[in-house]
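Visitor: I would like a close look at one part of this protein, the pocket region. Please go slowly, since I am only in my first year.

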Amino acid sequence: MKKQELIREFTVEGTVLSMQEYGNGHINRTELVEIERDGRREKYIFQQINTDVFKDVDGLMENIMGVTSYLRERIEEQGGAPDREALQVIPTKNGGSYYRAPDGKCYRMYLFISDAVCYDAVKRPEDFYESAEAFGNFQALLADYPAEKLHETIPDFHNTGKRFATFCRAVRDDICGRASSVEQEIAFIMAREEEMTALTDRLAKGELPLRVTHNDTKLNNVMIDSRTGKGLCVIDLDTVMPGLSLYDFGDSIRFGANTSAEDETDLAKVSLDLGNYEVFVKGYLKGCRGSLTEKELTMLPVGAKLMTLECGMRFLTDYLSGDTYFRIHREHHNLDRCRTQLALVADMERKWAQMHEIVAKYRDR
Ligand code: ADP
Ligand code: GN1
Ligand code: MG
């Protein structure tokens with residue numbers, strides 16, 4: 001089916017003026033659609049859902065519909081603007097939340113959140129602070145969401161121990177014959193085997209609370225209001241599932257407190273920016289509104305390190321398995337991404353004491 005025909009499956013009227021690839025997500029195919037209706041231009045986000053990654057699209061979209069309508073109510077109660085502060089799914093003409101084409105491909109549309117920006121790197125600490133508060137606030141808003149209603153869209157998404165087992169299998173199978181060229185990276189990961197279950201063990205013992213979390217808190221998954229500079233809307237809700245606050249904190253640090261891009265090839269540029277780390281700690285704690293337990297607070301640095309190690313391991317697993325999960329844009333892209341993550345872990349280990357000191361500075365404020 002042609003793209004224009006796909007758009008006609010949704011409840012949008014008017015003439016499609018343009019459709020162009022948009023954003024820098026690694027999972028879905030995202031396009032910006034411009035439509036003219038009665039002389040006015042409207043913008044939408046059109047996405048092909050990655051069905052290799054998300055096997056249960058009905059469950060995935062049920063989560064998104066449930067979470068967005070719940071958020072909209074909370075935002076309205078608090079006097080906010082639900083249309084800008086929560087994602088809004090455009091229904092299909094059949095009343096569905098997504099369209100499954102005859103070839104099995106799945107598509108969805110969102111209202112485009114205008115006058116807002118998404119950053120792929122921290123340019124100003126203020127933006128990172130805003131993202132921290134937005135992600136903390138997101139978690140606080142969903143504190144009473146009935147978690148049993150959520151489908152686990154990717155089982156064991158942040159179960160680092162299981163990710164390690166998958167990684168070990170990829171090394172053993174070595175289907176692309178790449179393992180011998182990445183022995184150093186493999187050894188770095190293997191040397192940290194005992195740390196992998198630090199979070200899941202504590203969750204199992206009841207020492208860390210299970211919450212409704214976002215689980216993919218990269219800076220480019222939050223929109224910042226261009227006019228006010230304030231965190232506006234948390235997007236990319238595909239992985240909203242029961243999880244740990246430390247996953248959300250950790251993943252944001254992994255991405256935003258790195259002095260380099262996630263796929264930087266010059267590893268000398270990779271380090272943990274303690275200034276941005278501090279900014280994020282401050283904003284996240286503010287957004288969470290005092291809801292984090294003592295244990296969660298103490299373990300924030302562990303969350304940062306494990307999410308970074310896990311992500312490095314996932315990139316390397318994908319590299320060894322033939323680059324089938326993350327979208328790549330050049331040869332060895334996943335290996336480059338893995339290397340930055342491992343270099344960042346190494347720098348976190350060097351700065352471990354300071355990472356704890358910074359949390360201590362803000363925890364009782
Ligand atoms: P992926 O899962 O591939 O990361 P996302 O849902 O994060 O996909 O979308 C990719 C990018 O598209 C985002 O980083 C953001 O720049 C942009 N985007 C997504 N949804 C919206 C929206 N409703 N309004 C404006 N921009 C959006
Ligand atoms: C993916 O979808 P996106 O690009 O926001 C991935 C995250 C990784 C991230 C690494 C569903 O996020 O888990 O941390 O890439 N999302 C999924 O950049 O696997
Ligand atoms: Mg995204």
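Guide: Let's begin with the labels: helices (H or I, at least four residues) and strands (E, at least two) are DSSP runs, numbered from the N terminus. The model is predicted, with pLDDT of at least 70 needed for local features and 80 or more for side-chain atom pairs, while totals for chains, interfaces and linings use all residues. Residues count from 1 along each chain, chains are lettered from A and ligands numbered from 1 as written, and side-chain values use heavy atoms, without hydrogens and water.

Now to the largest pocket, whose volume is about 830 Å³. A pocket is an open set of points on a 1 Å grid over the protein atoms alone, where a 1.4 Å probe fits and protein lies on both sides within 12 Å along at least five of seven lines; lining residues have an atom within 4 Å of a point. The volume is the space filled by probe spheres set on the points, joined across faces, edges and corners.

There are 45 lining residues here, and Gly25, Asn220, Asn221, Ile235 and Asp236 are the closest to the centre of the largest pocket. Try finding the elements that give at least two residues each to this lining: strands E3, E6 and E7 (116-117), together with helices H8 and H11. Helix H11 contributes the most, five residues. By class, the lining has 22 nonpolar, twelve polar and eleven charged residues. (Charged means Asp, Glu, Lys and Arg; nonpolar means Ala, Val, Leu, Ile, Met, Phe, Trp, Tyr, Cys and Pro; the others, including Gly, are polar.)

Who occupies this space? Ligand 1 sits in the largest pocket, and the space taken by ligand 2 is the largest pocket too. Sitting there means that more than half of a molecule's atoms lie within 2 Å of the grid points.

Let's visit ligand 1. It is surrounded by 20 residues (a heavy atom within 4 Å), with Asn28, Gln47, Ile113, Asn220 and Asp236 the closest. Asn220 is also one of the residues closest to the centre of the pocket, and a polar backbone atom of Asn220 is 2.8 Å from an oxygen atom of ligand 1. Backbone N or O atoms also face nitrogen atoms of this ligand: Ile113 at 2.9 Å and Leu111 at 3.1 Å. (Such polar contacts are pairs of N or O atoms within 3.5 Å.) On its own, ligand 1 exposes 550 Å², of which the protein buries 96%; accessible areas come from the Shrake-Rupley method with a 1.4 Å probe. Strands E3 (40-49) and E6 (106-111) each give two or more residues to the shell around ligand 1. That shell holds eleven nonpolar, eight polar and one charged residue.

Next comes ligand 2, with 19 residues around it, the closest being His26, Lys218, Glu262, Arg314 and Tyr325. Here the side chains come into view: a polar side-chain atom of Tyr325 is 2.5 Å from an oxygen atom of ligand 2, and one of Arg314 is 2.8 Å from such an oxygen. Asn221 joins them, with a side-chain N or O atom 3.0 Å from an oxygen of the ligand. Of the 440 Å² of accessible area that ligand 2 has alone, the protein covers 98%. Helices H8 (245-256) and H11 (300-320) each supply at least two residues of the shell around ligand 2, and H11 has the largest share, three residues. Eight shell residues are nonpolar, four polar and seven charged.

Finally, glance at the second largest pocket, of about 570 Å³. Among its 31 lining residues, Ile154, Arg163, Thr166, Thr317 and Tyr325 are the closest to its centre. Helices H2 (57-77), H5 (160-173) and H11 each give two or more residues to this lining, and H5 supplies the largest share, six residues.

Note on methods:
A polar contact is a pair of N or O atoms within 3.5 Å; within protein, one must be able to donate a hydrogen and the other to accept it, and residues adjacent in sequence count only if both atoms are side-chain atoms.
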